[in-house]
Amino acid sequence: MKWQGGRRSGNIEDRRGMSGGQKFAFGGIGAVVIVIISLFMGGDPTQILDQLQQQSEVSTSNEPYESSEAEDKLINFADVVLASTEDVWGNVFQEDLRRDYPKLRLAVYNGAVETAGCGVGKSSFGPFYCPADQRIYLDLSFNEELQQKYGAKGEFALAYVIAHEVGHHIQHVLGLLDKTNAMRAKLDERAYNKISVMTELQADFYAGVWAHYAGQYSDVDLNYDDILAGMQAAAAVGDDHLQEQAYGRSNPESFTHGTSEQRAYWFKKGYDTGDINAGNTFVDPSLQ
């Protein structure tokens, strides 16, 4: 993956050195693990998340954050990847949707972070997108966790994660997230889990669409090894893999993000087609 010297977005916010409590926000891997644990134990995951929020404390620090050389490189990398998604989706929106692509911002933090509308996020929940303030929240330590805990190696693994969260932004811009969130109150848990899986798989598809056009519309140059790495990263955070890793077995009724096979498939489909209209997971017979 070639990205050095590429255009930087400039839409990066450095919130390191500030801390907050904890609350689930859209797309976080750690929150999925909490929900999985609750479901296996027969509990209500929303009650657990509410309790975590009540127990949390929010604090800020005026001390300057001392960034390491490795962190500086990751921020530069994230800035270039974000710029690449802006360039790709700017072109796709104009060509396919005849409208402008509204850019988002990426907030880098450590430990925990306050959002404007999604409560408080924590690093253990993984990267997440908050539709209320149209921001991706990323703790840089997740890159190490992605490689060591989830076995997703190489730079492109983090690029895939960022592109996946950008996929949620696209869903928000197109009005999909409002519709799926409205279904939460109307459906039972099992039915809504299916909707959640479809939502997450579509975000994987959009990440693949970005990869398809990255070399054409942006300064990021990918090769097929990068695409394989993206598929491996997608598979590494599949519900079945996470559950089997934690318990030695999986419970399909509790899946909220899709299996490893599904996640890799939809990312690859986005890359192969490059067609934003080919990723309607909500009508795909295999997901019904």
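# A tour of the helices and the central strands

Begin by selecting H3 together with helix H7 (residues 189-217), which pack at an angle of about 95° with their axes 9 Å apart. H3 and H7 are therefore roughly perpendicular to each other, since an angle of 65 to 115 degrees is counted in that class. Bear in mind while looking that this is a predicted model. To show the contact itself, display Val81, Ser84, Thr85, Asp87, Val88, Trp89, Asn91, Val92 and Glu95 on H3, and Tyr206, Val209, Trp210, Tyr213, Ala214 and Tyr217 on H7. Colouring these residues by class gives 10 nonpolar, 3 polar and 2 charged for the contact of H3 with H7.

**The whole chain**

Before going further, zoom out to the whole protein chain, whose secondary structure comes to 10 helices and 6 strands. Of its 288 residues, 54% count as buried. If you draw a contact map of the protein chain and keep the contacts with a separation of 6 or more, 76% of them are accounted for by residues 24 or more positions apart.

**From H3 to H5**

Keep helix H3 (residues 69-97) on screen and add H5, which packs against H3 at an angle of about 45° with the two axes 10 Å apart. That angle makes H3 oblique to H5. The crossing of this pair, H3 and H5, is right-handed. On the H3 side, the residues to select are Lys73, Leu74, Phe77, Ala78, Val81, Leu82, Thr85, Trp89 and Phe93, while H5 contributes Glu155, Leu158, Ala159, Ile162, Val166, Ile170 and Val173. Sorted by class, the contact of H3 with H5 has 13 nonpolar, 1 polar and 2 charged residues. Val81, Thr85 and Trp89 of H3 deserve a label here, as they are listed both in the contact with H7 and in the contact with H5.

**From H5 to H8**

Now hide H3 and bring in helix H8 (residues 224-236), which packs with helix H5 (residues 155-173) at an angle of about 65°, the axes being 8 Å apart. The crossing of H5 and H8 is again right-handed. Select Phe156, Ala157 and Tyr160 on H5, and Asp226, Ala229, Gly230, Ala233 and Ala234 on H8, to see the residues that make the contact. The contact of H5 with H8 divides into 6 nonpolar residues, 1 polar and 1 charged.

**The sheet**

Next, show the strands as a cartoon and look for an open sheet of 4 strands, in which the order is S1-S2-S6-S5 and the pairing is mixed. Its edge strands are strand S1 (12-14) and S5, each of which pairs on one side only. Neighbouring strands of this sheet are turned against each other by 25° on average, with direction ignored. Turning H3 back on, you will find that this helix packs on the sheet, where H3 touches S1 and S2 and its direction makes about 155° with that of S1. H5, for its part, lies across S2, S5 and S6, and runs at about 25° to S5.

**Strand S6 and its neighbours**

Centre the view on strand S6 (residues 135-139), of which 5 of the 5 residues are buried. In a regular strand the side chains alternate between the two faces of the sheet. For S6, Arg135, Tyr137 and Asp139 are on one side and Ile136 and Leu138 on the other, and both faces are covered.

Strand S2 (residues 105-109) pairs with S6 in the parallel sense over 5 bridges. Along this pairing, Ala107 stands opposite Tyr137 in S6, and Tyr109 stands opposite Asp139 in S6. Strand S5 (residues 128-130) is joined to S6 by 3 bridges, and these two strands run antiparallel; here the pair to label is Cys130 and Arg135, the latter in S6, which stand opposite each other. The hairpin of S5 and S6 has 4 residues between the strands, and in it Gln134 takes a positive phi near 50°.

**A last stop at Met18**

Finally, select Met18, which is found in the loop between S1 and helix H1 (29-40). Is Met18 buried, exposed or partly exposed? Its relative accessibility is 41%, and Met18 therefore counts as partly exposed. Adding Pro64 to the selection lets you check a distance from C-alpha to C-alpha: Met18 and Pro64 are 46 residues apart in sequence and 9.6 Å apart in space.

Terms used:
Residues numbered from 1 in each chain as written. Predicted model: local features only at pLDDT ≥ 70, side-chain atom pairs only at ≥ 80, totals over all residues. Heavy atoms only, no water. Axes fitted to C-alpha atoms, helices over the stretch in contact; angles between N-to-C directions. Left-handed = near helix turned anticlockwise from the far one by under 90°. Contact = heavy atoms within 4.5 Å. Nonpolar A, V, L, I, M, F, W, Y, C, P; charged D, E, K, R; others polar. Parallel < 35°, antiparallel > 145°, perpendicular 65-115°, else oblique. Buried < 20%, exposed > 50% of the residue type's maximum accessible area, 1.4 Å probe, protein only. Pairing = 2+ DSSP bridges.
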